[in-house]
Amino acid sequence: MDLLKAVVLGVIQGLTEFLPISSSAHLRIFPELFGWGDPGAAFTAVIQIGTELAVLIYFRKDIWRIGSAWVRSLFKAEYRGTIDARMGWFIIIGSLPIVVLGVLLKDVIERDFRNLWITGTTLIVMGVVLGIADRVGRTDRPLGKLTLRDAVLMGVAQALALIPGVSRSGATISMGRFLGFDREAATRFAFLLAIPAVVGAGLFELKEIPHGHNDFGWGPTITATVVSFVVGYAAIAWLLRYVSTNSYTPFVIYRILLGTGVLILLGAGVLTA
């Protein structure tokens, strides 16, 4: 049964990590609906390594180009003004807010932030924010126009995803749209920006898998991670194609409906916060 649960949770993680609908919220809500209870923050963080591995492979050429240019810029001045070298710094600096807050607020994140009343509310609120950002945001800035200020602001937005229901990609994309980036540019940077934070959080929580806030052992956790990688890789390709010609409206509607449903079920006593 634990392996079956792990497969289901891996599919949920893979489908929802890159869509702006909050994978952590889904991993908190659906196990509760199925009567499985909260799988725990450690399990959630570790299986996200699978989806980030999908990012590393999907964007391997971009990551290699950015990484090699950044390393060269440390030793050769002629590389320091290139967009790839600057992108490396932007990803590092933009990752700092979520890393710092994640360490400082670890106990609060694992205990208080996982309350389903909070999750349902943030699904709705951040869904509305995403809808507004997508409607009013300009689309005249490609990723090559990213500045340090943009990276910091998008990094701060990403840090909000420490609260289940916010959505790492959703918050980053919303900020990117407010800053005038087109949908594909905002989505692509959201994926790249998430790599250090998600991989770091997963490695940090590995020690909790055999005990602590985790209902599963190594076998189910590894199974869920592998499944999330396979499903997540397909989700990346689909989303990048989708946002090149479509708006985020379906995700906004879904978030509001899901958040409202969670709050109703909590009020009716069907779900336990």
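1. Arg65 is partly exposed in this predicted model, with a relative accessible area of 38%, where buried means under 20% relative accessible area, exposed over 50%, and partly exposed in between, computed with a 1.4 Å probe on protein chains only. Its partner Asp62 is buried, at a relative accessible area of 17%. The two side chains meet in a salt bridge with an N to O distance of 3.1 Å, the term standing for a side-chain nitrogen of Lys or Arg within 4 Å of a carboxyl oxygen of Asp or Glu. Asp62 and Arg65 are three residues apart in helix α4 (residues 60–73), so about one helical turn separates them; helices here are DSSP runs of H or I with at least four residues, strands are runs of E with at least two, and both are numbered from the N terminus.

2. On the basis of the values: because the model is predicted, local features need pLDDT of at least 70 and side-chain atom pairs count only at pLDDT 80 or more, while totals for chains, interfaces and linings use all residues. Residues are numbered from 1 along each chain as its sequence is written, and side-chain values use heavy atoms, with hydrogens and water left out.

3. The pair of point 1 also belongs to a wider arrangement, since Asp62, Arg65, Asp84, Glu184 and Arg188 are linked in a network of salt bridges. A search of the whole structure finds ten salt bridges.

4. Another salt bridge joins the side chains of Asp134 and Arg183, at 2.8 Å from N to O. Asp134 lies in helix α7 (residues 116–136) and Arg183 in helix α10 (residues 183–205), so this pair ties together parts that are 49 residues apart in sequence. Asp134 is buried, with a relative accessible area of 7%, whereas Arg183 counts as partly exposed at 22% relative accessibility.

5. For the salt bridge between Asp150 and Arg141, the closest N and O atoms are 2.5 Å apart. Asp150 is buried, its relative accessible area being 1%, and Arg141 also counts as buried, at 16% relative accessibility.

6. Turning to helix packing, helix α1 (residues 2–16) and α2 pack at an angle of about 150 degrees with their axes 9 Å apart, which makes α1 roughly antiparallel to α2. The axes are lines fitted to C-alpha atoms, for helices over the stretch in contact, and the angles run from 0 to 180 degrees between N-to-C directions; those under 35 degrees count as roughly parallel, over 145 as roughly antiparallel, 65 to 115 as roughly perpendicular, and the rest as oblique. The crossing of α1 and α2 is right-handed, a crossing being left-handed if the near helix is turned anticlockwise from the far one by less than a right angle, and right-handed if clockwise. Leu9, Ile12, Gln13 and Thr16 of α1 make the contact with Ser23, His26, Leu27, Phe30 and Pro31 of α2, contact meaning heavy atoms within 4.5 Å. The residues of this contact divide into five nonpolar, four polar and no charged, with Ala, Val, Leu, Ile, Met, Phe, Trp, Tyr, Cys and Pro counted as nonpolar, Asp, Glu, Lys and Arg as charged, and the others, Gly among them, as polar.

7. Helix α1 also packs against helix α11 (residues 218–243), at an angle of about 30 degrees and with the axes 7 Å apart, so that α1 and α11 are roughly parallel to each other. The passage of α1 across α11 is a right-handed crossing. The contact residues include Ala6, Val7, Gly10 and Val11 of α1, with Thr223, Ala224, Val227 and Val231 among those of α11. By class, the contact of α1 with α11 has ten nonpolar, seven polar and one charged residues.

8. The axes of helix α2 (residues 23–33) and helix α12 (residues 249–267) come within 12 Å and cross at roughly 45 degrees, which makes α2 oblique to α12. This crossing is left-handed. In the contact, His26, Ile29, Phe30 and Leu33 of α2 meet Tyr254, Leu258, Val262 and Leu265 of α12, and the residues involved comprise seven nonpolar, one polar and no charged.

9. Within that contact, Leu265, which is found in helix α12, counts as partly exposed at 27% relative accessibility. Leaving aside residues up to four places away in sequence, Leu265 touches Leu33, Val270 and Leu271. The C-alpha atoms of Leu265 and Leu33 are separated by 9.6 Å, although the two residues are 232 residues apart along the chain.
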